[in-house]
Amino acid sequence: MDTVTSSSETSSSRERSSDTNSSRERSSETGTSTTFDLRTVSLRDVNAALHAPDLEGEFVIECPAGAHNVAVGIDAPVKVTVDGHVGYYAAGMNQQADVTIEGNAGTGVAENMMSGTVWVKGNASQSAGATAHGGLLVIEGNAAARCGISMKGVDIVVGGDVGHMSAFMAQAGRLVIRGAAGDALGDSIYEARIYLRGEPASLGADCVPKEMRPEHHQELGRLLKAAGFADDDTRDYTRYGSARKLYHFDVDHASSY
Amino acid sequence: MCGIVGLHLRNPQLYPRLGELLTGMLCEMSNRGSDSAGVAVYGDPVWTPPGRGCVSLHEAEGDAESIGTAVASALGASVDVTELGDTRLLTADVDSEALLAAAKAARPGALIAGFGADLAVLKGVGDPATLTRSWGLAGARGWQGVGHTRMATESAVTPSGAHPYAVGPEQCLVHNGSFANHATIRRELRAAGVQFDSENDTEVGARFVATRLAAGRDVETALKELCATFDGFYTLLVSNRDSFAVVRDAIACKPAVIAETADWVAMGSEYRALSGLPGVERAAIWEPEPEVVYAWTR
Amino acid sequence: MVSTDDTRARLGLRESATFDRATIAAIQRAAETGIYDIRGWGAKRALPHFDDLLFLGASMSRYPLEGYRERCGTDVVLGDRHAKHPLHLDIPVTIAGMSFGALSGPAKEALGRGASEVGTSTTTGDGGMTAEERGQSKYLVYQYLPSRYGMNPDDLRKADAIEVVLGQGAKPGGGGMLLGQKISPRVAGMRTLPEGIDQRSACRHPDWTGPDDLTIKINELRELTDWEKPIYVKVGATRTYYDVKLAVHAGADVVVVDGMQGGTAATQDVFIEHVGIPTLAAVPQAVQALTELGVHRTGASGATGRKGVQLVVSGGIRTGADVAKALALGADAVAIGTAALIALGDNHPRYDAEYEKLGSAAGFFDDFQDGTDPAGISTQDPELAARFDPVAGGRRLANYLRVLTMEAQTIARACGKAHVQHLEPEDLVAVTIEAAAMARVPLAGTDWIPGLRQ
């Protein structure tokens, strides 16, 4: 176990600028744009407005100041920008919408997302993309522990590092990590695929490096491009996945349980 | 279950704002629990004048004057008593340990919320906004503060169950999460002569750390030993007069965020607690790794 | 062959109470296979239970109600604290969560049919919501579990209530378990798993741990569904007093407490038999917690009209007497799982020959994990499942639910109550010291409640 003791230094490896190399443009002139200020409008009213049937257009949510449950349960092909940091479960269970968070996100961003895009310009806390079934989650900075836990089909691209127990029990989908991974990456992984550019601190039970065949390079290339990292060389990445030894209980693997 | 916050100021120009900033941090965390709250403030020159021993008492019988008289008599020196909410803050021109002994002798039934030079520990039952107003926390100054809001389970919410636990000189501990094997550790500590104020699991952690520190270990070693000994999910913040340390358990499910600038280091259960700090837009923000002790000293 | 007790006694054969034949078989099975025994149902051992309580019926000072004309109401409102649309059920008996996967599609359909016929709710399980169940159930409670198998916002919005599951009585601290033989193509598709593998399940929720974070999660579920639906929190009975308090603090509209007799389709036998507390011991703890917080029995039919948190109790509910006793101790409603499956036909003597082929017998069959259920209820095998007629099964369940209700009403009327929820602890006595202590009612003929701090 380590100790990090500092008196006047800052831990520079943790600093992630939010102005990274996203090439994603945002147009604010197309269609109607509605702004909500969470200092004056209740979260319940904002979410209710975003649940209106046949919702269209663009929306901006200002002054979130770390509020929880912002923009949860949207089910419309709209664009939502959250201007600031959010707390837990931002864009939870998102369907169809493109949600951008201009800041950091707390625990469970885009949890159980079904489709659409959630884009975090800063860092994400624990359990980013937890149990999500579809769509694309981009985290430009770092993600903390349990990134992609129990993922069920979502694509997650992390610009920086991920914390420990990422892709724990990951059933389906793809997790791309441009930085390093913490301990126990892919512990008890099912059929999800992990593409890691940096080093894993350790691999979890049944998670092994696998061969990168042409179809994997193509898949990875598409994901990186969608996330604004088209310049990455896919050959710098290693693929990880399930060794499939835990699919049927075998007493000889009992220590993995 | 709870919210915890901590602020360690590096820039003396911010010392006058410690109370104001700590109040904001604490009240942001009220949603995580609002049955009781507590804060520890290091260095307020009015509450805890420099050079004087300090003891924070809770549930002490009698009014400020009678408490002061009784303690002074046990001490053999004059004692000032400040009323802050339900807390009785004692100061005297003696060592804190001596003042502590006198306070215990004069008011054996009272709770020692904290003791040590420059340290005031205020606790109470109720929601953080009301409590901080009753203490006048927004006007407090100093170099370091720690706070805790609690979601209690007992119907009779008691101050003895509230954090911070300040069980060694100038030491404070706040805790979010729950230990799983503290009952046994409490028995072992009791057998070694340690006395407990409550049945609270946090108190076991606090007294464990205090015994290690009293035995000469540094705070990093004490916290490493805690991680090796205690099961459970926990984020801990331990403060001393000049230092501030954060550690999480190996599984690290309970939330914790640390932010650092040249002017301050802060920790909170959620980012929201830090969002009002000056310069937070430029801060390095990260989540502590499991079983890594992060410590800062003045 | 030494086959009778007489013969054994004459020969001086004495069985060890510690290493009895069942224990010997268990040890030998472990030695042969190297894997723990997995089975269904709940704790089978004898425990202090509702049978140890008796009602004080009518007397010189307490007058019974006549049947029929003198009404004894049975309806219950669940979840009126925050939700726009609380559940108003006709009877205080609901169907507990059991997954599609653990149960066959026709079995789930039958549960929906039977429950709807008498105006009560069913609950999904650890596998998601099927169209059959939503189609058949008048009221459907959608479980939100650690695995999140099949979880999606469309189904969430189709539900009538949402039940956040921390645990169940059979295995408080254990996750779902489904073995490969039951991971059919349809089950695999719903759970996003490869077909035929043994499902490994999480025991904790992936994105929250602890009541402080649960508070935020419950709010998320409310925001997702525009505050329409009641949010239940279900716990397996362990530290029930604290759990119920924390569930209320976290925002639960309804708390569901499942004692150790509560069933499962599959988990380790040691978990079922040795973890968790009896239902009888859990109910008064839950009621005490709710009472101390001022939220007990304030929203039900016939009560003060204040908004409270309702209590649903499950784990070994079998008869109308059990229902009445649970209500008398302070529950607002009960849930049945094992009993519902038995009503559908589980362990029926007509399958005795088939059970014997599986190494079991009618009345003993608990190997739901194997998916070879001759009754077609706890299987994914299409041939076996086809044996089960969901329409007939639904009728059987409706019959059983009506009997439970009528039995409870009979008892309530005998105690002079115009509504089954007017039953109270003072209507009960215990016939054993353990039951008196656990249920906190006096031993019959005395005013002694062991263990109650005065």
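Select chain C to begin, and colour it by secondary structure: chain C holds 16 helices and 14 strands, where helices (H or I, at least four residues) and strands (E, at least two) are DSSP runs numbered from the N terminus. What you have open is a predicted model, in which local features need pLDDT of at least 70 and side-chain atom pairs count only at pLDDT 80 or more, while totals for chains, interfaces and linings use all residues. Residues are numbered from 1 along each chain as its sequence is written, and chains are lettered from A, with ligands numbered from 1, in the order in which they are written.

**Chain C as a whole**

Stay with chain C and turn it about its principal axes, along which its C-alpha trace spans about 65 × 60 × 45 Å. With 454 residues, a compact globule would have a radius of gyration near 22 Å, and the 22 Å of chain C agrees with that; the radius is taken over C-alpha atoms, and the globule rule is 2.2 Å times the number of residues to the power 0.38. Of these 454 residues, 58% count as buried, a word used when 20 or more other C-beta atoms, placed from the backbone, lie within 10 Å of a residue's own C-beta. Two residues are in contact if their C-beta atoms, placed from the backbone, lie within 7 Å, and in chain C residues 24 or more positions apart account for 66% of the contacts with a separation of 6 or more.

**One residue: C:P86**

Now select C:P86, which lies in the loop between β3 (76–78) and β4 (87–89) of chain C. C:P86 counts as buried because it has 21 C-beta neighbours inside 10 Å. Leaving aside neighbours within four places in sequence, C:P86 is in contact with C:V77, C:L78, C:G79, C:D80 and C:P230. Add C:E228 to the selection as well, since its C-alpha atom and that of C:P86 are separated by 8.1 Å although the two residues are 142 residues apart along the chain.

**From chain C to chain B**

Next, show the contact between these two chains, which takes ten residues from chain C and 13 residues from chain B. On the side of chain C, the elements giving two or more residues are α7 (211–224) and α8 (240–250), and α8(C) provides the largest share, four residues.

**A helix pair in chain B**

Move into chain B and select α2 (residues 64–75) and α3 (residues 96–106), which pack at an angle of about 120° with their axes 8 Å apart. Among the residues that meet here are B:A70 and B:V71 in α2(B) and B:A98 and B:L99 in α3(B). By class, this contact has ten nonpolar, no polar and no charged residues; Ala, Val, Leu, Ile, Met, Phe, Trp, Tyr, Cys and Pro count as nonpolar, Asp, Glu, Lys and Arg as charged, and the others, Gly among them, as polar.

**Chain A and its contact with chain C**

Finally, select chain A, in which there are two helices and twelve strands. Of its 257 residues, 54% count as buried, and residues 24 or more positions apart account for 25% of the contacts in chain A with a separation of 6 or more. The contact of chain A with chain C takes 40 residues from chain A and 23 residues from chain C. On the side of chain A, α1 (43–50) and β8 (152–158) are the elements that give two or more residues, and α1(A) gives the most, with four residues. By class, that side has 16 nonpolar, 18 polar and six charged residues.

Note on methods:
Axes fitted to C-alpha atoms, helices over the stretch in contact; angles between N-to-C directions. Buried ≥ 20, exposed ≤ 12 C-beta atoms within 10 Å, placed from the backbone.
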